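Ready for some practice in reading a protein model? Have the sequence and the 3D view open, try each task yourself, and then go through the solution step by step.

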Amino acid sequence: MTLANVFMVGSVFLVLRYSQKDRVMKWVRFSSLAALILVWSYVFSLIATGGGPSLKIGCYIWCLSFLLLFLAVFKIPGRKRLATKYV
């Protein structure tokens, strides 16, 4: 299990426990971006060295899950939203 996968499993608990604390959420956002870059750089290096045809659909779903994690950290239910009033 890679460090990115450990973060993927642990991020659920971090978000559930610390979603109201901005400092922790900033760290979670940065870490999810780092995990996203790590995973996609691994896939791109495989493609660049000629290992691209041997990659199966599971690899791309795995990479896509890190993108979804990165995007999901920005929209947390329960956080206050700014109300926009139109006049």
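The exercises below work on a predicted model, going from the overall fold to single residues.

**Exercise 1. The overall fold**

Task: Find how many helices and strands the protein has, and what share of its residues is buried.

Solution:
- Step 1. Count the elements: the protein has three helices and zero strands.
- Step 2. Put them in order. Starting at the N terminus, the elements read α-α-α.
- Step 3. Turn to burial. Of the 87 residues in the protein, 29% are buried.
- Step 4. Look at the contacts. Take those between residues at least 6 apart in sequence: 63% of them join residues at least 24 apart.

**Exercise 2. Helix H1 and its kink**

Task: Locate the kink in H1, then list the buried residues of this helix.

Solution:
- Step 1. Follow H1, which spans residues 3–18. Its kink is centred on Gly10 and comes to about 35 degrees.
- Step 2. Pick out the buried residues of H1: Ala4, Asn5, Phe7, Ser11 and Val15.
- Step 3. Ask what lies over them. The cover of these buried residues includes H2 and H3.

**Exercise 3. Two aromatic pairs**

Task: Work out the geometry of the pair Phe7 and Trp27 and of the pair Trp40 and Phe44.

Solution:
- Step 1. Begin with the total: searching the whole structure gives three aromatic pairs. Two of them are treated here.
- Step 2. Take Phe7 and Trp27. Their ring centres are 6.4 Å apart and their planes are at 75 degrees. Planes over 60 degrees apart count as edge-to-face, so this pair is edge-to-face.
- Step 3. Place this pair in the chain. Phe7 sits in H1 and Trp27 in H2 (residues 22–48), with their positions 20 residues apart, so the pair links distant parts of the chain.
- Step 4. Compare their surroundings. Phe7 has a relative accessible area of 12%, so it is buried, while Trp27, at 47%, is partly exposed.
- Step 5. Move on to Trp40 and Phe44. Here the centres are 5.7 Å apart and the planes 40 degrees apart, which makes a tilted pair.
- Step 6. Place this pair too. Trp40 and Phe44 are both in H2, four residues apart, about one turn of the helix.
- Step 7. Check accessibility again. Trp40 is partly exposed at 23%, whereas Phe44 is exposed at 52%.

**Exercise 4. The two sides of H3**

Task: Decide where the buried and the exposed residues of H3 lie around the helix.

Solution:
- Step 1. Start with the length. H3 (residues 57–72) has 16 residues and reaches 22 Å from its first C-alpha to its last, close to the 22 Å expected.
- Step 2. List the buried residues of H3: Cys59, Cys63, Phe66, Leu69 and Phe70.
- Step 3. Look at their directions. These residues cover an arc of only 110 degrees around the axis, so they are on the same side of H3.
- Step 4. Look at the other side, where Ile57, Ile61 and Leu68 are exposed.
- Step 5. Identify the cover. Among what covers the buried residues of H3 are H1 and H2.

**Exercise 5. Two cysteines**

Task: Explain why Cys59 and Cys63 are not bonded to each other.

Solution:
- Step 1. Find the cysteine sulfur closest to that of Cys59. It belongs to Cys63 and is 4.5 Å away.
- Step 2. Apply the cut-off: a disulfide needs sulfur atoms within 2.5 Å. The two sulfurs are therefore too far apart for a bond.
- Step 3. Check the total, which is zero disulfides.
- Step 4. Add the burial. Cys59 is buried, with 16% relative accessible area, and Cys63 is buried at 0%.

**Exercise 6. From Tyr18 to Val24**

Task: Find which residues Tyr18 is in contact with, leaving aside its neighbours within four places in sequence.

Solution:
- Step 1. Place the residues: Tyr18 is in H1, and Val24 is in H2.
- Step 2. Read off the contacts. With those neighbours left aside, Tyr18 is in contact with Val24 and Met25.
- Step 3. Compare exposure. Tyr18 is partly exposed at 29%, and Val24 is partly exposed at 24%.
- Step 4. Use C-alpha distances. Tyr18 and Val28 are ten residues apart along the chain and 9.7 Å apart in space. Val24 and Leu14 are also ten residues apart in sequence, with 8.2 Å between their C-alpha atoms.

Methods:
Residues numbered from 1 in each chain as written. Predicted model: local features only at pLDDT ≥ 70, side-chain atom pairs only at ≥ 80, totals over all residues. Heavy atoms only, no water. Phe/Tyr/Trp six-rings, centres within 6.5 Å; stacked < 30°, edge-to-face > 60°. Buried < 20%, exposed > 50% of the residue type's maximum accessible area, 1.4 Å probe, protein only. Expected span 1.5 Å × (residues − 1). Arc of directions from axis to C-beta. Contact = heavy atoms within 4.5 Å. Bend = angle between axes of the 7 residues up to and from the residue.
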